[in-house]
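This report looks at selected features of one protein chain. Please keep the sequence and the model in view while reading.

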Amino acid sequence: MPYPLIELVAVEVGFHRAPILPAIDLAIAAGDAVGIVGPNGSGKTTLVRTMLGLIPPVRGAVRVAAKRPRFGYVPQRAAVDVTFPLTALEVTLMGRYGLIGPGRRPRATDVEKARAALDDVDIAGLAGRAFHSLSGGQRQRVLVARALASDPEILVLDEPTNGLDLPSEAAMLELVRSFRARGIAVVLVSHQLGAVAENVETLVVLAGRDEPVAVGSRAELLSSERLTRIYGAPIAVREVEGHHLIFVQHERDERGRQ
């Protein structure tokens, strides 16, 4: 088993010593794919901020390897201010600032890294375009490029497919899958259980403060009975040609078609 880059041991997350979720045990190693899913307001972003070291755990311990792993973070697009007159390259170059150090200017090698990151996400030709002029899918790729420019060991994507059309969503998830081949651990955060479940091996399912956090393999957690218990609603799971379809089962479905 590869040594974990980061490990959460009985971690309770929250604010001002008030936990909002039960204790969580989770280990992430190089090349892992982890999905953090749950309804809106279930604590997904708070859990991620604790993993990133932005807020301390209320209880428990966040353990890291000999040195803290480098994180690349892709926030929700709604949290990004698009009014600044920056180009796609300038936004991507921001991912290098943590490596450059305060008060220092980017070097030629930093610009090369930023351009390479844009190429990695297939939008090198948009480097000189204003960020605010790009489509939603293109902006999302720039934000991924910014995270990649930091040479991350763990890439965290918060709602990466939110607001994208189906082709853009499929392209984004295919892009994410390619990073794992490079040894980058990927953490997908979303309320879209179906989209995430197809692209990870480990699931962390949050259902609120009064319900235990479910952590396990995709095979363990993707059952109608377990998801119905976690979400408190009749969830159906159907496997079609190797893909999992997950949906709320209406009363008519339970009785059979009439």
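## The largest pocket

In this predicted model, the largest pocket has a volume of about 200 Å³. Its lining consists of Arg70, Phe71, Gly72, Tyr73, Met94, Gly95, Gly98, Leu99, Arg146, Ala147 and Ser150. By type, these residues divide into five nonpolar, four polar and two charged.

Which elements supply at least two residues each to this lining? They are strand S7 (71-74), helix H3 and helix H5 (136-148). Strand S7 gives the most, with three residues.

## A nonpolar patch on the surface

Phe84, Leu86, Met94 and Tyr97 form a nonpolar patch on the surface. Together the four residues have about 370 Å² of accessible area. Met94 belongs to this patch and is also among the residues that line the largest pocket.

Tyr97 is found in helix H3, which covers residues 97-100. Its relative accessible area is 44%. Partly exposed is the term for values between 20% and 50%, so Tyr97 counts as partly exposed.

## Salt bridges around Asp151

Side chains of opposite charge can pair when their charged atoms come close. A search of the whole structure finds ten salt bridges. One of the residues to follow here is Asp151, whose side chain meets that of Arg96 in a salt bridge with an N to O distance of 3.3 Å. This pair links distant parts of the chain, 55 residues apart. Asp151 is in the loop between H5 and S8, while Arg96 is in the loop between helix H2 (88-93) and H3. Are the two partners buried or exposed, or in between? Asp151 is partly exposed at 28% relative accessibility, whereas Arg96 is buried, with a relative accessible area of 7%.

Asp151 also forms a salt bridge with Lys113, again with 3.3 Å from N to O. Here the partners are 38 residues apart, and Lys113 is in helix H4 (residues 108-120). Lys113 is partly exposed, with a relative accessible area of 37%.

## A bridge between Arg180 and Glu201, and a network

The side chains of Arg180 and Glu201 meet in another salt bridge, with an N to O distance of 2.7 Å. Arg180 lies in helix H6, and Glu201 lies in the loop between helix H7 (193-197) and strand S10 (202-205), so this pair ties together parts that are 21 residues apart in sequence. Arg180 is partly exposed, with a relative accessible area of 27%. Glu201 is partly exposed too, at 41%.

Elsewhere, salt bridges that share partners join Arg96, Arg107, Asp110, Lys113 and Asp151 into one network. The two bridges of Asp151 described above, to Arg96 and to Lys113, have Asp151 as a shared partner.

## Two residues with positive phi

Which residue in strand S1 has a positive phi without being a glycine? Ala10 has a phi near 50°, a positive value in a residue other than glycine. Ala10 is found in strand S1, which covers residues 6-12. At 35% relative accessibility, Ala10 counts as partly exposed. Ala10 and Arg59 are 49 residues apart along the chain, and their C-alpha atoms are separated by 7.3 Å.

Glu159 has a positive phi of about 50° as well, although it is not a glycine. Glu159 is found in the loop between strand S8 (154-158) and helix H6 (166-180). Its relative accessibility is 6%. Buried means under 20%, so Glu159 counts as buried. The C-alpha atoms of Glu159 and Pro4 are separated by 24 Å, and these two residues are 155 residues apart along the chain.

Definitions and conventions
Residues numbered from 1 in each chain as written. Predicted model: local features only at pLDDT ≥ 70, side-chain atom pairs only at ≥ 80, totals over all residues. Heavy atoms only, no water. Patch = residues over 30% accessible without salt bridge, like charges linked within 9 Å, V, L, I, M, F, W, Y side chains within 5 Å. Areas by Shrake-Rupley, 256 points an atom, 1.4 Å probe, with all protein chains shown as cover. Helix = DSSP H or I, 4+ residues; strand = E, 2+ residues; numbered from the N terminus. Buried < 20%, exposed > 50% of the residue type's maximum accessible area, 1.4 Å probe, protein only. 1 Å grid on protein atoms, 1.4 Å probe; cavity = no way out; pocket = protein on both sides within 12 Å on 5 of 7 lines; lining within 4 Å. Points joined across faces, edges and corners; volume = space filled by probe spheres on them. Nonpolar A, V, L, I, M, F, W, Y, C, P; charged D, E, K, R; others polar.
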